[in-house]
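Colleague: Please take a close look at one part of this model for me. Then show me what surrounds it, step by step.

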Amino acid sequence: MDSWQLRIAVLVSIGRNPVSGAARPDRNDLLALELARKAGGELTILHAGDPNEPALADYLAYSAAPLEILPMPGGPDIVPPLAARLQGFHLILTGSRTEGGEASGMLPYALAKRLGLPIVAQALDLAVAEGQAEITQFLPKGQRRRITVRLPAIIAVHPMAPLTPRYSHLRRVSGQSVTLPAPASTEAASTAWRTEPARKPVVLQATEKKSGHARMAAAITSESKGGTLVTEGTPTEKALAILAYLRSHRLIEF
Amino acid sequence: MSGTRRINPRRPFRITPEGIRRIVLGEEGDAGEIALSPVAMASSKPLRLVGEATANLLVVAHSDRGALDAPAREAIAAAAILADPATPVLVLVLGDLAEDLGPFGADRILAVPECGNGAFLPDLEVSVLSDVIDRFQPRHVLMPDSPTGTGDLGRRAAAALDAEIATHVVELKTDSVACNRQGGTVLARRGLPRFILLDPGAIDAALPFRGAGKRLDYAAHAVAPGLYRDLGLKPVAGAALPLEEADFIVAAGNGVRDVPTVEAVADLFGAAIGASRVAVDDGRFPKDKQVGATGKTVQASVYMAIGISGAVQHLQGIRACRHVIAINSDASAPIARRADLTIVADAQAVMQALVSETARRNWPGDAADEARADG
């Protein structure tokens, strides 16, 4: 049965410590690596960027998988060379959003488009069986969704995935990293963005040209803000008023 | 008669909830109290859209139980602010829609109940979105970058259509968008791309005008089953959830002494339990249940405040809650101004009534259980 070997690629980026700003393995990508380890199979860690970045070697400490580096000097579009390297993998895992860099969360979607693969984001858990991956997906308000997807597939891991990556110094010193040949032709990345120093963002507000009378009228109505007031009745009637409110807004099922 | 202009002291007035008589400025006549509800004020806002429609701005959002959440309303407001007077704001709602989006700034509304509603149908949603983009040719598509599925759909659609996209937009201007980069140390700016995914809080949703709120008909084409299969939702029990993630919170304050009854009420609704600072300081609830400035900020759909007067610090923690229900013995407590429904009563009696009423009543779902018990 083991003639079919699950091949998993984990895409990793360079994160940054939120306090010191020092380069470090990205927390989200470490979760992806840990989830890949849990799923089993043959693992490859892949990074596109500067091969001389010392923080990259830390990824070796979190799994026994080989680390491959696509040298990408400058700022070219990393999607075409990554897609070329990712041919033949059954599962491609990555974090939902990088800590450093662009942090747009678009990479898994761009890769999925380029490779023609399905993508599931916000994954918390993963199980592979019979050419399918079963994914538990994070949704807000305490909801979880289960999805199966046919392999090969791309999965982006949610930051709240209940996983603990474990550091091993032995793995770090004995691990192998390979620098792949630089991609021959690269497309330039989008140049539409300009950077400026960070500051508090300005909230977009509608400009309002109002007369003094209109402002006064608005001030009067804001005083009356407040919902329905129920003062009369027995406790039972009041309890029923609450249930009626909840039911009319479809907030309870009974 | 002298030429002095005199002000009629019996001009139209209204009584505020505090019982203070307020003259309504701008109203003439000799009338008594007049009704001036917030709804009346809202409908008196002018229409934003004038003249012939030339282009479109599209807003896409998933609905939750027939209503849109705050990030979705912010996206609609953003489109309404960006749009010039001849550009309608077209809103594509994925899921049921039971509320009027006109006051939020929507001019034309397409509701597609075949999508959304908790189901995972990325292929269908992308096909609906590209069809709507094809048909209405919007200049920009604005979406909330929310984990309910809208952020996912925006990225999928932008990749599928090979369109320019800005995600996690923290600042929107009429000509540019800005996002945080390098862990928030750098702000990256560019001109408005086709797809704009807005982070929550980037827009002030209060508008001085309203949208036309006209519903359009739309029938989604069926899409062949894709590579995904949805096995359904699996809710986590409310009590096991962290407060920040809970959808229904029953919170107790100084007016509640009986903790087991609070737990029974929370159990009734599958809700998480919260508490005000006073109740936590008294040792009735652990510190991790505290809601407010020094505790947790919550985003529940329903927040039931039992015996909580509503100090500013507490109201700050529940700002994002959609429905607030207060049970309080004091009708003039600040929570009454925030709450959508205020029950003025002794909290203990109402809580017990809630528990006993729900247990006594024959709710439709219980019929099967009873039949089983009888048989």
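Modeller: What follows starts with one helix and works outward from there.

First, the ground rules. This is a predicted model, so local features need pLDDT of at least 70, side-chain atom pairs count only at pLDDT 80 or more, and totals for chains, interfaces and linings use all residues; side-chain values use heavy atoms, with hydrogens and water left out. Residues are numbered from 1 along each chain as its sequence is written, while chains are lettered from A and ligands numbered from 1 in written order.

The part to look at is helix 2 of chain B, residues 70-82. Helices (DSSP runs of H or I, at least four residues) and strands (runs of E, at least two) are numbered from the N terminus. Helix 2 of chain B holds 13 residues. From its first C-alpha to its last, this helix reaches 18 Å, close to the 18 Å expected at 1.5 Å a residue. That expected span is 1.5 Å times one less than the number of residues.

How much of helix 2 of chain B is buried? Of its 13 residues, 10 are buried, and the helix is mostly covered. Buried means under 20% relative accessible area, exposed means over 50%, and partly exposed lies in between (1.4 Å probe, protein chains only). The buried set starts with Ala72(B). Then come Glu74(B), Ala75(B), Ile76(B), Ala77(B), Ala78(B), Ala79(B), Ala80(B), Ile81(B) and Leu82(B).

What do these buried residues pack against? The partners are five strands of chain B: strand 3 (57-62), strand 4 (89-94), strand 6 (140-144), strand 7 (165-172) and strand 10 (195-198). Contact here means heavy atoms within 4.5 Å.

Now step back along the chain. A loop runs between strand 3 and helix 2 of chain B, and Arg65(B) lies in it. Most residues other than glycine have a negative phi. Arg65(B) is not a glycine, yet its phi is positive, about 55 degrees. With a relative accessible area of 29%, Arg65(B) is partly exposed.

Gln182(B) makes a good companion. Its phi is also positive, about 50 degrees, and Gln182(B) is not a glycine either. Gln182(B) sits in the loop between strand 8 (176-181) and strand 9 (186-191) of chain B. At 35% relative accessibility, Gln182(B) counts as partly exposed.

Next, two residues further along chain B. Gly274(B) has its place in strand 14 (residues 272-275). Gly274(B) is buried, with a relative accessible area of 0%. Beyond residues up to four places away in sequence, Gly274(B) touches Leu243(B), Ile249(B), Val250(B), Ala251(B), Ala252(B), Lys289(B) and Val291(B). Leu216(B) is 58 residues from Gly274(B) in sequence and 42 Å away in space, C-alpha to C-alpha.

Tyr303(B) lies in strand 15 (residues 302-306) of chain B. Tyr303(B) is buried, at a relative accessible area of 0%. Its contacts, not counting residues up to four places away in sequence, include Ile249(B), Ala251(B) and Val291(B). Those three names are also among the contacts of Gly274(B). Other contacts of Tyr303(B) include His314(B), Cys321(B) and His323(B). Tyr303(B) and Lys234(B) are 69 residues apart in sequence, and their C-alpha atoms are 22 Å apart.

Here is the wider setting. Chain B has 10 helices and 17 strands. Of its 375 residues, 50% count as buried. Among contacts in chain B between residues at least 6 apart in sequence, 59% join residues at least 24 apart. Chain B exposes about 16,800 Å², and carbon and sulfur atoms supply 52% of it. Such areas come from the Shrake-Rupley method with a 1.4 Å probe; for residues, only the protein chains shown count as cover.

Finally, chain A. Its secondary structure comes to six helices and 13 strands. Buried residues make up 46% of its 254 residues. Its C-alpha trace spans about 75 × 50 × 35 Å along the principal axes.

Two spots in chain A deserve a look. Glu68(A) lies in strand 5 (residues 67-71). Glu68(A) is buried, with a relative accessible area of 13%. Leaving aside neighbours within four places in sequence, Glu68(A) is in contact with residues including His47(A), Arg85(A) and Leu180(A). The other spot is a peptide bond. Most peptide bonds are trans. The bond joining Leu151(A) and Pro152(A) is cis, with omega about -5 degrees. Pro152(A) lies in the loop between strand 9 (143-150) and strand 10 (153-157) of chain A.
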